[in-house]
Amino acid sequence: SDHMENIYGYLMKYTNLVTGWQYRFFVLNNDAGLLEYFVNEQSRHLKPRGTLQLAGAVISPSDEDSHTFTVNAASGEQYKLRATDAKERQHWVSRLQICTQHHTEAIGKNNPPLKSRSFSLASQGSANSPGAQRRPSQNAVSFFNVGHHRLATGKRVPIMQPDHLVDVREMMSQAEGQQRDLIRSIECLPASGHLTSLDQDLLMLKATSMATMNCLNDCFHILQLQHASQQKGSLPAGTTISWLEPKISLANHFKNGAAQNFPAEINKPASVREEQSIAEPCQLTREPEEINPDEELEDVCDDKEDDLGAVEEQRSVILHLLSQLKLGMDLTRVVLPTFILEKRSLLEMYADFMSHPDLFVTITNGSTAEERMIRFVEYYLTSFHEGRKGAIAKKPYNPIIGETFHCSWRMPKSDVAADAATDSSAHSLSEQVTLPKDPEGQAEPDYYTVKFVAEQVSHHPPVSGFYAECVERKMCVNAHVWTKSKFLGMSIGVTMVGEGVLHLLEHGEEYTFSLPCAYARSILTVPWVELGGKVNINCAKTGYSASINFHTKPFYGGKLHRVTGEVKQNMTNTVVCRVQGEWNSVLEFTYSNGETKYVDLTKLSVTRKRVRPLEKQGPFESRRLWQHVTESLRDGDIDKATEHKRALEERQRNEERLRAETETPWCTKYFLKDGDGWVYHKPLWKTVSAAQTQQTDSN
């Protein structure tokens, strides 16, 4: 009540795409439970330009920046607002939340839940089961019975009116409070004894109750859409309703919701002695190392990730972890249990996206700019299926700062399509510039080599840089990716923030591209991966671009792993190629001349990468760095894998703390900061440019 005073002041309000952000004068009327706004302070005595009822509303600070927040009313109306700084945003958010809670609870008291039979959570097992000790919930399921007694048999269900939606929203608010009480009751149980807070059934109840609330919010939003369609006419045939963001914030349900390191196992000691085999010296040279591809051998590792045994055995750990996460929480700093990890680093996963190097090197063979863009799109869409090891969604190791990964691929020249461009202009640079040859004058090999290097250039935020080149084909790709992961209830979303650039030096062309988001779905049962979001590929020189949509499965109906896209000439806005299909199955390409091509990704040959043996790798190369974790996972020894993993993470934290205390900046090895991105220290375009300059001077 001390904070229930009326407040007012200027905030920026987002209106629409045309008008954008505009300053408006806002007034929080605590007595009426209203948020009102006016054009300016002088017009405050006039009728408000807009009013929101705060009862049942959700106030959500945005994670886009420290100034923005949204007010989501129970009616479905939303205000997107921006304060001048983080302090002012916190002031408004706090007052709005207090007012919202006060008026929501007042409605709940005036409208008690419908009478309903109580129910027991007692399990059907033995009498000494923990479930048999539990008390019946008080009105815990009353909100499931909303309005069922009002519908007479045989009568048509009336169209739901807005006030009925408010009734449903009030019931959901009550359910939210009951679920919060349930969580608190479970967490207040002792950590040991006959019935503990870590009881597997109770952990399941915590996790599924949160998922239920999330699902109810989706359903409520569907009701709002249905009501809107009935007011304006039916939805068009074939309409699907996509997955929706939660409309009720569950952030305050969990007292352990802050981003923190969760133990991988419950009854393990907090500190683990770092084994001598893991304790590598941390003071290493940061000078770039030239990797000789002849030292690399064809990879024989074939770690499939189809084993669910460990996941089934550790289900209680997953439930305990999920019950403490908040919706929308950034998982960057959350240490996930070891048994859900893949047996490879994220840096190696980026390399596995290059598993069709034969398609990569033939991009430059296109005789026209249009054909080269289409070839790149074809290669891009065939790269994702091999990046996943098996159908089960598991997480690669988080690379530690300074970690690197090197590999290469070899393709016989006879296997690469010989449909090179014939026009002289396309090869003018190739004819004029000759890269430095091996000083020993060895015969030219009968294969093409694609070299790959990746480095973890930043820890917070986690940014990886990777670079691949084929010197013989005068082409290279440079990219940097910042992985942002969020907890979404029963799934985890990963946004790949960053950009890649493909350089075709023969043609003087650069193709910029982005990466789709990834989602791990059904994390309580059999987790699976899907991609989502829109990516763009652009070539400024030629004016060709591609727009590709990775479609997530709709809430109702629809197919899995669907992808659609088109390639067009920007100047004429002419579509020259369309693509549809599944990114992990069959793709269909339709060209402007009417021809159609099908690509079955499951039948494409995969070129094995070549990697140096462990004994020749540096201490910070991925496979040597994580070798003890990987070996323990292969042996099924989760405890030992966790010890090795924890030792690596603890060492990284200690080194980071030491650098902070001594104000010593981190020095990368292979990548240099370039604006907002990272660029390989010795890219092929610089080598070609230097060779061209040297030849010009000699002439």
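Is C99 buried or exposed in this predicted model? The exercises below start there.

**Exercise 1. Classify two cysteines and check for disulfides.**

Task: State whether C99 and C476 are buried or exposed, and how many disulfides the structure holds.

Solution:
- Step 1. Take C99. Its relative accessible area is 0%. The cut-off for buried is under 20%, so C99 is buried.
- Step 2. Take C476. Its relative accessible area is 0%. C476 is therefore buried.
- Step 3. Recall the bond in question. A disulfide is a covalent bond between the sulfur atoms of two cysteines.
- Step 4. Search the whole structure. Zero disulfides turn up.

**Exercise 2. Get the overall make-up.**

Task: Find how many helices and strands the protein has, and what percentage of its residues is buried.

Solution:
- Step 1. Count the elements. The protein has 13 helices and 26 strands.
- Step 2. Check burial. Of 699 residues, 47% are buried.
- Step 3. Look at contact range. Among contacts with a separation of 6 or more, 64% are between residues 24 or more positions apart.

**Exercise 3. Map the nonpolar cores.**

Task: Identify which residues touch the most other members of the largest nonpolar core, and which helix supplies its largest share.

Solution:
- Step 1. Start with the largest core. It holds 60 residues. F360, L381, F452, I537 and F550 touch the most other members.
- Step 2. Trace the main contributor. Helix α8, residues 369-381, gives eight residues to this core, the largest share.
- Step 3. Set the second core apart. That separate core has 20 residues, including F26, Y37, V71 and W92.
- Step 4. Zoom in on F452. Leave out residues up to four places away in sequence. F452 then touches, among others, L347, Y350, M354, F405, W409, F466 and Y467.

**Exercise 4. Place T100.**

Task: Describe where T100 sits and what its side chain meets.

Solution:
- Step 1. Locate the residue. T100 belongs to helix α1, which covers residues 86-110.
- Step 2. Read its accessibility. At a relative accessible area of 5%, T100 is buried.
- Step 3. Find the polar partner. A polar atom of the T100 side chain lies 2.7 Å from the backbone oxygen of L96.
- Step 4. List the neighbours beyond four places in sequence. T100 touches L54, G56, A57 and I59.

**Exercise 5. Compare salt bridges.**

Task: For the pairs E371 and R375, E378 and K597, and E655 and R651, give the N to O distance and the elements involved.

Solution:
- Step 1. Note the total. The structure has 20 salt bridges.
- Step 2. Take E371 and R375. Their side chains form a salt bridge at 3.0 Å, N to O. Both residues lie in helix α8, four residues apart, about one turn of the helix. E371 is partly exposed at 27% relative accessibility. R375 is buried at 15%.
- Step 3. Take E378 and K597. Their side chains form a salt bridge at 3.1 Å, N to O. This pair links distant parts of the chain. E378 lies in helix α8 and K597 in strand β23, residues 596-600, with their positions 219 residues apart. E378 is buried at 15%, whereas K597 is partly exposed at 34%.
- Step 4. Take E655 and R651. Their closest N and O atoms are 3.9 Å apart. The two are four residues apart in helix α12, so about one helical turn separates them. E655 is buried at 16%. R651 is buried at 8%.
- Step 5. Add the network. Salt bridges with shared partners join D299, R344, E348, D352, K609 and R623.

**Exercise 6. Check the span of helix α12.**

Task: What is the reach of α12 from its first C-alpha to its last, and what follows the helix?

Solution:
- Step 1. Count residues. α12 has 25.
- Step 2. Compare spans. The helix reaches 36 Å, close to the 36 Å expected at 1.5 Å a residue.
- Step 3. Look past the end. E663 follows α12, with a positive phi near 55 degrees.

**Exercise 7. Examine a buried glutamate.**

Task: Is E509 buried or exposed, and which side chain does it join in a polar contact?

Solution:
- Step 1. Locate E509. It lies in strand β16, residues 509-513.
- Step 2. Read its accessibility. At 3%, E509 counts as buried.
- Step 3. Find the partner. The side chains of E509 and Y511 share a polar contact of 2.5 Å.
- Step 4. List contacts more than four places away in sequence. They include A369, R372, H503, C539 and K541.

Note on methods
Residues are numbered from 1 along each chain as its sequence is written. This is a predicted model: local features need pLDDT of at least 70, side-chain atom pairs count only at pLDDT 80 or more; totals for chains, interfaces and linings use all residues. Side-chain values use heavy atoms; hydrogens and water are left out. A nonpolar core is a set of buried Ala, Val, Leu, Ile, Met, Phe, Trp, Tyr and Cys residues joined through side-chain atoms within 4.5 Å. Buried means under 20% relative accessible area, exposed over 50%, partly exposed in between (1.4 Å probe, protein chains only). Contact means heavy atoms within 4.5 Å. A polar contact is a pair of N or O atoms within 3.5 Å; within protein, one must be able to donate a hydrogen and the other to accept it, and residues adjacent in sequence count only if both atoms are side-chain atoms. A disulfide is a pair of cysteine sulfur atoms within 2.5 Å. A salt bridge is a side-chain nitrogen of Lys or Arg within 4 Å of a carboxyl oxygen of Asp or Glu. The expected span of a helix is 1.5 Å times one less than its number of residues.
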